Amino acid sequence: IGKGALKVETISLKYINNKLIIFKIINNQEILAFKCDKSIYEKAFNFLKNLKKLDISNNKIKIVKNETFYGLANLEYLNLNENRINKLEIGALDHLFNLIQLDLNQNRIKLIQSDVFNFLGKLESLDFGNNKISMIEIGAFKSMSSLKLLSFAYNNIETVRNKTFYGLVNLQGLHLRYNRIHTYEKGFLNHLSKLTTLSLNN
C-alpha cells in the first residue's frame with residue numbers, strides 16, 4: 001500500500017474464499033486483502049486516516065475489539081450489517097468521533113452496555129434491528145445528544161424502563177416493533193421531547 005491509500009474515502013469489505021477482501025469502491029480497485037476468521041485485527045485500518053465510509057457487511061465477524069477502528073477519526077459511515085457479532089467490547093467505538101451513521105442490523109448482540117457509546121456525540125442514526133437484544137443498560141445513550149433515528153426492531157426486549165432512552169434529546173424516530181415488550185415504565189418517553197415517530201407494533 002502506497003501513500004495514496006491514505007486518501008481513500010470509501011471502501012467495502014467482503015468475505016471471499018475465507019479471505020476478508022477490502023475494495024476501494026471509488027474506482028473499483030482492490031487495495032488490500034487479509035484473512036479474518038472471527039474478528040478484525042486491532043488497528044487494522046490505522047493507515048486510512050481520511051476514510052469516510054467503511055462497509056464490512058455480510059461477513060463472519062463475531063467480536064468487535066477495543067482498538068479495531070483505531071485511527072478512523074474521520075469515519076462518518078460504518079456498516080456492520082449481517083455479521084455474527086455477539087459482543088461490542090467497551091471502547092470498541094471510542095475512536096469514531098465523527099461517526100454519523102452506524103448499522104449493526106442482523107447480528108447476534110444480546111446486551112447494550114452503558115459505556116459502549118461514550119464518544120459517539122455526532123451519531124445521527126443507529127440501527128440494532130434483527131439482533132437478540134434483551135437488555136439495554138441505563139445510561140447507554142447518555143452521550144448521544146445528536147441521535148435522530150434509533151431502531152431496536154425485531155429483538156427480545158421485554159421491559160422499557162423510564163430512563164432507558166435518557167440523553168436522546170434530539171431523537172425523532174424510535175422503532176421498537178416486534179419485540180417481547182410487556183412493560184413500559186411510566187415516563188419512558190419523558191426524555192424524548194422531539195420524537196415524531198414511534199413504532200411499537202408487534
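**Confidence, fold and interior of a predicted model**

Over residues 1-5 the pLDDT stays under 50, and the model has five contacts beyond four places in sequence for this stretch. The structure shown is a predicted model, and a second stretch calls for the same attention: over residues 25-35 the pLDDT also stays under 50. For residues 25-35 the model has 31 contacts beyond four places in sequence. Where pLDDT is low, the predicted coordinates should not be read in detail. For the protein as a whole, the mean pLDDT is 85, and 81% of the residues reach 70 or more.

With these limits in view, the reader may turn to the fold. The protein has 16 strands and zero helices. Among contacts between residues at least 6 apart in sequence, 54% join residues that are at least 24 apart.

The surface and the interior may be considered next. The protein comprises 202 residues, of which 46% count as buried. About 10000 Å² is exposed by the protein, and carbon and sulfur atoms supply 45% of that area.

Within the protein, the count comes to one cavity of 30 Å³ or more. The largest cavity has a volume of about 30 Å³. Its lining is formed by Ile40, Ile61, Ile63, Val64, Lys65, Thr68, Phe69 and Leu80. By character, the lining residues of the largest cavity divide into six nonpolar, one polar and one charged. Lys65 is the charged member and Thr68 the polar one, while the nonpolar residues include Ile40, Phe69 and Leu80.

Technical notes. Residues are numbered from 1 along each chain as its sequence is written. This is a predicted model: local features need pLDDT of at least 70, side-chain atom pairs count only at pLDDT 80 or more; totals for chains, interfaces and linings use all residues. Side-chain values use heavy atoms; hydrogens and water are left out. pLDDT is the predictor's confidence in each residue, from 0 to 100. Contact means heavy atoms within 4.5 Å. On a 1 Å grid over the protein atoms alone, a cavity is a set of points where a 1.4 Å probe fits but cannot get out, and a pocket is an open set with protein on both sides within 12 Å along at least five of seven lines; lining residues have an atom within 4 Å of a point. Grid points are joined across faces, edges and corners, and a volume is the space filled by probe spheres set on the points. Helices (H or I, at least four residues) and strands (E, at least two) are DSSP runs, numbered from the N terminus. Buried means under 20% relative accessible area, exposed over 50%, partly exposed in between (1.4 Å probe, protein chains only). Accessible areas come from the Shrake-Rupley method with a 1.4 Å probe; for residues, only the protein chains shown count as cover.
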